[in-house]
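Me: I would like to learn how to read the features of a protein model one at a time, with the general idea before the particular case. Could we take it slowly?

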Amino acid sequence: IFGTWNNLSFSADYNYTRNRTLEVFDYDLKTINANLDYQIPLTPYFSLKPGLSFHSVEATSKDTLLYFSDQDLTTWQEVYAVNPEGSIVTNSIVSGFVRAEYFMEKLRLIGALRLDKFNNPDRWLVSPQILATYAVSKNMLLRASYGRSARAPFIANLFATFKPSK
């Protein structure tokens with residue numbers, strides 16, 4: 001679902017997938033996403049856009065065995081991760097963000113700040129971004145940006161219990 005109403009934009013989706021990576025790491029994945037933001041034009045050249053976001057992933061393991069090896073070792077050593085069938089791991093992220101945009105004929109400046117609350121790892125993370133573009137001519141655009149973002153753990157980080165082999 002997606003749409004706009006006046007200056008309000010929204011989207012939501014649900015996805016169910018089965019992942020069988022290399023026939024050894026097998027799990028079902030249910031994903032829910034929802035986004036809401038509102039454009040606030042303050043002047044003809046300046047606007048703010050606050051918003052909220054929700055992302056949730058639930059993974060259910062199938063009976064699977066995943067092997068890792070490290071070729072840099074002097075002897076091959078195996079590390080295995082066993083994911084018992086039916087193991088469920090859920091990770092969700094709740095976010096708030098705001099974006100400020102200033103634009104004139106050839107210059108555009110954007111600053112944004114996002115606050116993410118992860119349930120795994122259980123912490124708050126801030127992601128800033130600044131961006132500037134300048135149209136030198138019709139065929140040339142200069143762009144500079146800086147940004148940093150948080151990353152949710154991959155499914156293997158959430159799921160696997162790693163144990164050295166005997």
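Me: Is N6 buried or exposed, going by its relative accessibility?

Reply: Before the case itself, please keep in mind that this is a predicted model. Exposure is read from relative accessible area, with over 50% counting as exposed and under 20% as buried. N6 has a relative accessibility of 63%, so this residue counts as exposed. N6 sits in the loop between β1 (2-5) and β2 (8-21), and its phi is positive, about 55 degrees, although N6 is not a glycine.

Me: How many helices and strands does the chain have, and in what pattern do they follow one another along the sequence?

Reply: An overview of this kind starts with a count and then with the order of the elements. The chain has 1 helix and 12 strands, and reading along the sequence gives the pattern β-β-β-β-β-β-β-β-β-β-β-α-β. Two further values describe the chain as a whole: of its 166 residues, 23% are buried, and among the contacts with a separation of 6 or more, 48% are between residues 24 or more positions apart.

Me: Which strands pair with β8, and in what sense?

Reply: For pairing, one looks at the bridges between two strands and at the sense in which the strands run. Strand β8 (residues 88-103) pairs with β5 in the antiparallel sense over 15 bridges, and β8 also pairs in the antiparallel sense with strand β9 (residues 107-119), here over 11 bridges. Individual partners can be followed as well: V57 has N91 in β8 as its bridge partner, while the partner of I93 is F118 in β9. The strands β8 and β9 form a hairpin, with 3 residues between them.

Me: How far apart are A59 and V89 in sequence and in space?

Reply: Here the idea is to set separation along the chain beside separation in space. A59 and V89 are 30 residues apart in sequence, and their C-alpha atoms are 5.3 Å apart in space. A59 lies in strand β5, and with a relative accessible area of 1% this residue is buried.

Me: How many salt bridges does the structure hold, and what does the pair K30 and E58 tie together?

Reply: One reads a salt bridge through its partners, the distance between their N and O atoms, and the places of the partners in the chain. The structure holds 5 salt bridges, one of which joins the side chains of K30 and E58, at 3.6 Å from N to O. Because K30 lies in strand β3 (residues 25-38) and E58 in strand β5 (residues 46-61), the pair ties together parts that are 28 residues apart in sequence. As for exposure, K30 is partly exposed, with a relative accessible area of 33%, and E58 also counts as partly exposed, at 25% relative accessibility.

Me: Which residues form salt bridges with E101?

Reply: When a residue takes part in salt bridges with several partners, each pair should be followed in turn before the group is considered. E101 and R99 meet through their side chains in a salt bridge of 2.5 Å, N to O, and E101 forms a salt bridge with R108 in which the closest N and O atoms are 2.3 Å apart. Salt bridges that share partners thus join R99, E101 and R108 into one network. Within this network, E101 is buried, having a relative accessible area of 5%, whereas R99 counts as partly exposed at 32% relative accessibility and R108 counts as partly exposed at 38%.

Me: What is the volume of the largest pocket, and which residues lie nearest its centre?

Reply: A pocket is read by its volume, by the residues that line it, and by the classes to which those residues belong. The largest pocket has a volume of about 180 Å³, and its lining consists of 15 residues, with R114, D116, S127, S149 and A150 lying nearest the centre. Both β9 and β10 (122-137) supply at least two residues each to the lining of this pocket, and the largest share, 5 residues, comes from β9. Sorted by class, the lining of the largest pocket has 7 nonpolar, 4 polar and 4 charged residues.

Key: Residues numbered from 1 in each chain as written. Predicted model: local features only at pLDDT ≥ 70, side-chain atom pairs only at ≥ 80, totals over all residues. Heavy atoms only, no water. Salt bridge = Lys/Arg side-chain N within 4 Å of Asp/Glu carboxyl O. Helix = DSSP H or I, 4+ residues; strand = E, 2+ residues; numbered from the N terminus. Buried < 20%, exposed > 50% of the residue type's maximum accessible area, 1.4 Å probe, protein only. Pairing = 2+ DSSP bridges. 1 Å grid on protein atoms, 1.4 Å probe; cavity = no way out; pocket = protein on both sides within 12 Å on 5 of 7 lines; lining within 4 Å. Points joined across faces, edges and corners; volume = space filled by probe spheres on them. Nonpolar A, V, L, I, M, F, W, Y, C, P; charged D, E, K, R; others polar. Contact = heavy atoms within 4.5 Å.
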